[in-house]
Amino acid sequence: MSSRMRITSGKARTRRSHHGIDAPRLSTCVKCGSFHLRHRMCDTCGTYKDRQVIDINAKIEKKNERRVAKMKSLGIDPNAKDKKEAPLDVKKLSEKKKK
Ligand SMILES: [Zn+2]
């Protein structure tokens with residue numbers, strides 16, 4: 001049987017000095033100028049190496065269609081926007097207090 005060697009705190013800290021996470025290396029897109037991962041397609045415009053790979057607009061349209069279909073199945077009107085409350089009026093608020 002061998003006795004395990006003691007790992008000193010300094011040795012552990014030296015080993016853990018490589019555990020930190022770096023920020024991802026990003027490149028700028030040639031077409032739209034947004035950041036994307038290296039050797040990956042640009043998520044914003046769908047190009048890779050100045051060449052169109054994916055039709056992003058078609059993808060967004062398809063996603064929207066799916067969203068509308070889901071909302072219809074749930075019985076929600078997809079075109080209805082959230083009703084915003086009318087801005088507070090000082091006179092109306094004071095009238096409520098008097099009553
Ligand atoms: Zn792009």
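The expected span of a helix is 1.5 Å times one less than its number of residues. Helices (H or I, at least four residues) and strands (E, at least two) are DSSP runs, numbered from the N terminus. With that in hand, welcome to the close-ups.

**Figure 1. The whole protein is a predicted model with three helices and four strands.** This is a predicted model, in which local features need pLDDT of at least 70, side-chain atom pairs count only at pLDDT 80 or more, and totals for chains, interfaces and linings use all residues. Residues are numbered from 1 along each chain as its sequence is written. Starting at the N terminus, the order of the elements is α-β-β-β-β-α-α. Of the 99 residues, 1% count as buried (20 or more other C-beta atoms within 10 Å of a residue's own; exposed means 12 or fewer, and partly exposed lies in between, with C-beta atoms placed from the backbone). Two residues are in contact if their C-beta atoms, placed from the backbone, lie within 7 Å. Among contacts with a separation of 6 or more, residues 24 or more positions apart account for 0%.

**Figure 2. Confidence varies along the protein.** The predictor's confidence in each residue is its pLDDT, from 0 to 100. Its mean over the protein is 86, and 90% of the residues reach 70 or more. Helix α1 (residues 9–16) has the highest mean, 96, while helix α3 (residues 90–98) has the lowest, 70. Where pLDDT is low, the predicted coordinates should not be read in detail.

**Figure 3. Helix α2 covers residues 56–74.** From first C-alpha to last, its 19 residues reach 27 Å, close to the 27 Å expected. The number of buried residues in α2 is zero, so this helix lies largely in the open. Just after α2 comes Gly 75, with a positive phi of about 85°.

**Figure 4. Tyr 48 sits in strand β3 (residues 47–48).** Tyr 48 counts as partly exposed because it has 16 C-beta neighbours inside 10 Å. Leaving aside residues up to four places away in sequence, Tyr 48 touches Met 41 and Val 53. His 36 is twelve residues from Tyr 48 in sequence and 10.0 Å from it in space, C-alpha to C-alpha.

**Figure 5. Lys 49 lies in the loop between β3 and β4 (51–52), and Asp 50 is found there too.** Most residues other than glycine have a negative phi. Lys 49, however, has a positive phi near 50°, and Asp 50 has one of about 60°. Lys 49 is exposed, with 8 other C-beta atoms within 10 Å. Asp 50 also counts as exposed, with 8 C-beta neighbours inside 10 Å.
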